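Student: Hi, I'm new to this one. Could you walk me through it?

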Amino acid sequence: MSKVIIVKTKNIYNVHRDINTEKLTTLYQRGFYWLTGFKDSKNSIPALFNTAKKIGIKINTIAGKNISTRPKVSLSLADLLIKGGFQQKDIIIWDRTNRELKDAGYRLNMSQKGIKIFGTDSNPIGYNKNLTIHRSIGSRFSYIQTNTISQSISLAILKDHGLAGITAGMKNYYGSIHNPNKYHDFNCNPFVADLFDTAPIRKKHKLTVIDALTVQFHKGPAYHSRWAEDYGALIMSTDPVAADYIGWQTIETLRKEHGLPSLKQEEREPKYIKTAEQLGLGCADLTHINLIKEEI
Amino acid sequence: MKRRNFLKFSAALGITPKKRLIPLTSDLYAFTSDSNLSKVEARYYKKLSHREVECLLCPRFCKLGDKERGYCGVRENMGGTYYTLVYGKACAVHVDPIEKKPLFHFLPKTMALSIATAGCNVNCKFCQNWEISQVRPEQITHIDLPPESVVKTAQKNNCPSIAYTYSEPMIFFEYMYDTSLEARKKGIKNVVITGAHVNPEPFTDLLEVVDGVKIDLKAFNQDFYTNYVRGELQPVLDAIVAASQSQVWLEIVYLVIPTLNDKTSEIREMCRWIMKEIGPEVPLHFSRFYPSYLMKNLPPTPISTLEKLRNTALEEGLHYVYIGNIPAHEAENTYCPNCGKIIVKRMGYLIEQINIEKGRCVFCGHKIPGLWS
């Protein structure tokens, strides 16, 4: 049975909209506890990852400062990885471009020391020359995904998406290929699932963390304050499909609370989640998901 | 094209990149700086509420939120205004024989300055130029080449025409349109090599400023367009008819892919449509497919298939039916439909003889459609 954790807290932001780091760390720790049974990072992190190998944290910074993975969210996760046995130099926080990373508040670091933060467009990173062809996908992968890292965390923002329905953990990997614009037809179905099923992602993906501290539940993926809710949660799972399924249900709940039609009614239900289940990538059936909710 | 060759070629054409380009390693495609992309407001779009826009350039009608790009990858919504990122950003610049386009009835034996930017609004699985058409502009080397510089480069290289080609020129519409206007002022002609997956309004506007159009008709059924092109057939047919009704010279190319779009019955249907909508005088080229991009599992088109399809087209009454991508094939030549003699003898891109004077066959005086001088 797949396990999905929702750890939630109130007042994650202070009046200046700064994230309370202490609370955030607690959310992560509780999430890891529920996933592994270990309360401290020294045990929980090695239970999920090989701490001797490089790990990538794929974040989502496409939509600017207001609705991107904030630096505190990824760096807090990186801190726990370090406490769990990773060396700083083996952690890479990354996305498509340095411009988007900087716009989201990141300070780039490509040096040997410290946690690395850079985009695929950093010289001389780039994309692989050869195409990876799999099912409906024909793309060049970021060299970071194929060569630099051995294991991957998708640390995605939870957003409504005008074309895909929602964007969460699996669709976050659109940022690892050179031609994501070619995969938005038919509500991104089957493209999101097919992309996740490619070897560079499926074999390396270890954990989905969906940042639902603020959820854009309508008119995404751009930021619109009117339809953004400070939800104060992280959704964590080793099952990428189950994590996205719960993310989707979270968006539907928020939409209902705000009197909005469901995504199905708007004809943009994220069908790719079911497709991913059919490909054997995980579970999209609530009756087979062990959903653990904790309010802190 | 490798960066070194691109720069060498650019230098030979008298073009110098204004900015130093990022060195590329041998097996990776690095970016050029995205700050070097253009930010010119796009034409043909509609502003919607909540900073959304709807692109009206092509039949995809991409509806985009803030910071999103269209399917083409080269037009972006920035805060509710839609911009082209490739205006004046040429990623390929060559001097080609016009026959390479192919345009066989348009200024034969002349050279065309041929330019492209990154991007395309379809995703043909058999694309021959996918390394520029299926990437975003920041993912390949490009140079600053504004419209005036394109025209000067054409003049410098004695090119009587400029060809917008290689990728899909409709996605760099603004650049192509402005360059065409500039070229006309200097007496240089403009030709567009396109899949014509475009909406009627922009296409009609374009026809006002260009002189020749070669349209790739990729199949004559929607299923093929859905599965292998990711586009719509009807807009392409509409564009063919629109071009044929304009003053612009039109030729049609049909890439024949074994087992996928090579049925004689379909070709016959297509030729009947051409005869009905346009008439017998539009040149039709059947091109040989070679494995490429996402379609490497099929062999090159058998020559016999191309010959059979050509015969079908001739049977249906088309006058000028060619076979392409097979140098020295007799169907590269133009034959007078009246006396049957060779009036343009070709060997690949070389022209060995032209037996046309003042637009007429020198042997029998039959009028041959096209722009011959």
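Tutor: Happy to; let's go from chain B as a whole to one helix, then to the contacts between chains. This is a predicted model, where local features need pLDDT of at least 70, side-chain atom pairs count only at pLDDT 80 or more, and totals for chains, interfaces and linings use all residues. Residues are numbered from 1 along each chain as its sequence is written, while chains are lettered from A and ligands numbered from 1 in the order in which they are written.

Student: What average pLDDT does chain B get?

Tutor: Chain B averages 92, and 91% of the residues score at least 70. The pLDDT is the predictor's confidence in each residue, from 0 to 100. Over residues 16–30 of chain B it stays under 50.

Student: How many helices and strands are in chain B?

Tutor: Chain B has nine helices and 22 strands. Those are DSSP runs numbered from the N terminus: helices are H or I with at least four residues, strands E with at least two. The radius of gyration of chain B is 20 Å, close to the 21 Å from the globule rule for 373 residues, so chain B is as compact as a globular protein of that length. That radius is taken over C-alpha atoms, and the rule is 2.2 Å times the number of residues to the power 0.38.

Student: Okay, switching to helix 8 of chain B. Which residues are buried there?

Tutor: Ile267(B), Met270(B), Cys271(B) and Ile274(B) are buried. Buried means 20 or more other C-beta atoms within 10 Å of a residue's own, exposed means 12 or fewer, and partly exposed is in between, with C-beta atoms placed from the backbone.

Student: Why do they line one face of the helix?

Tutor: Seen down the axis of helix 8 of chain B, the buried residues fall within an arc of 100 degrees, so they line one face. The arc is that of the directions from the helix axis to the C-beta atoms.

Student: And which exposed residues are on the face turned away?

Tutor: Ser265(B), Arg272(B) and Lys276(B). As for the buried residues, their cover includes strand 16 (284–288) and helix 9 (303–315) of chain B.

Student: What follows helix 8?

Tutor: Gly279(B), whose phi is positive, near 115 degrees.

Student: Last topic: how many residues of chain A are in contact with chain B?

Tutor: 26 residues of chain A are in contact with 25 residues of chain B. Contact means that the C-beta atoms of two residues, placed from the backbone, lie within 7 Å. The predictor gives the complex an ipTM of 0.91 and a pTM of 0.92.
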